[in-house]
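Please follow the packing of this chain from a single residue outwards, keeping the sequence and the coordinates side by side as you read.

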Amino acid sequence: MATMYTFKKEERLCNKRLIDKLFHNGSSFLCYPFKASWLFHSEPQLFPAQILFSVSKKRYKHAVDRNLIKRCMRESYRLHKQQCLYDLLVAADKTIVLSVGYIGKEIVPYSVIEKKMLKMLNQLGEQLTTANNIPVK
C-alpha cells in the first residue's frame, strides 16, 4: 500500500457518543507534552484510526495559540501516522479511536512537537501490541 500523507475529514473524530465512550472506557498514557487516550473500535471505518486533537482553553487563553499548537500536532501526525500506526493496525485488522491532548505549559517549536509526536505514536504502538497481542513486525 502506498504511503498516504493526507489527513481527511473521515480521519477526524467528531462523533460525540464515540468521544464520550473513549474518555470513559479507553486507556490513556502520558508522553509529555501529550496525553493520549485510545480505545479499540469494533465498527468498520474508512481509516484504521480516528483522532481528536485538543488544547486546553484554561492554559492557553488566546485562540491563535491553541490553533497554532493544534496545527503543529496535526501536521506531525499526518507525516508519521502511516509508518508508526496505520501499518500496525492494518496488519492486525483493527481500528481505534484516539485523542491527543496538549498538556505542555508553554508553546514549543514544531521540531519538538514532531519529535514528541513520533515518540507518542511509538508508545501507542507498543501499547496496542500488548493490549491485543498484535504481532510486532
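In this predicted model, Leu98, once its neighbours within four places in sequence are set aside, is in contact with Leu13, Leu22, Ala36, Ser37, Trp38, Gln50, Ile51, Leu52, Leu85 and Leu124. A second, separate core comprises six residues, among them Leu13, Leu18, Ile19 and Leu39.

Leu98 itself belongs to the largest nonpolar core, a set of 31 residues in which Met73, Tyr77, Leu85, Leu98, Val100, Met117 and Met120 touch the most other members. The elements that each give two or more residues to this core are the strands E1 (27–31), E2 (34–41), E3 (49–55) and E4 (95–102), together with the helices H2 (63–92) and H3 (110–132); of these, H2 gives the most, with nine residues. In soluble globular proteins, nonpolar side chains tend to be buried together.

Turning to H3, one finds that Ile113, Met117, Met120, Leu121, Leu124, Gly125, Leu128 and Thr129 are buried, and that E1, E2, E3, H2 and E4 are included in what covers them. The end C-alpha atoms of this helix lie 32 Å apart, which agrees with the 33 Å that its 23 residues should span at 1.5 Å a residue.

A polar residue on H2 also deserves attention, namely His80, which counts as buried because its relative accessibility is 12%, where the cut-off for buried is under 20%. Its side chain is joined to that of Gln83 by a polar contact of 3.4 Å, while, not counting residues up to four places away in sequence, His80 touches Glu114, Leu118 and Leu121.

Key: Residues are numbered from 1 along each chain as its sequence is written. This is a predicted model: local features need pLDDT of at least 70, side-chain atom pairs count only at pLDDT 80 or more; totals for chains, interfaces and linings use all residues. Side-chain values use heavy atoms; hydrogens and water are left out. A nonpolar core is a set of buried Ala, Val, Leu, Ile, Met, Phe, Trp, Tyr and Cys residues joined through side-chain atoms within 4.5 Å. Buried means under 20% relative accessible area, exposed over 50%, partly exposed in between (1.4 Å probe, protein chains only). Helices (H or I, at least four residues) and strands (E, at least two) are DSSP runs, numbered from the N terminus. Contact means heavy atoms within 4.5 Å. A polar contact is a pair of N or O atoms within 3.5 Å; within protein, one must be able to donate a hydrogen and the other to accept it, and residues adjacent in sequence count only if both atoms are side-chain atoms. The expected span of a helix is 1.5 Å times one less than its number of residues.
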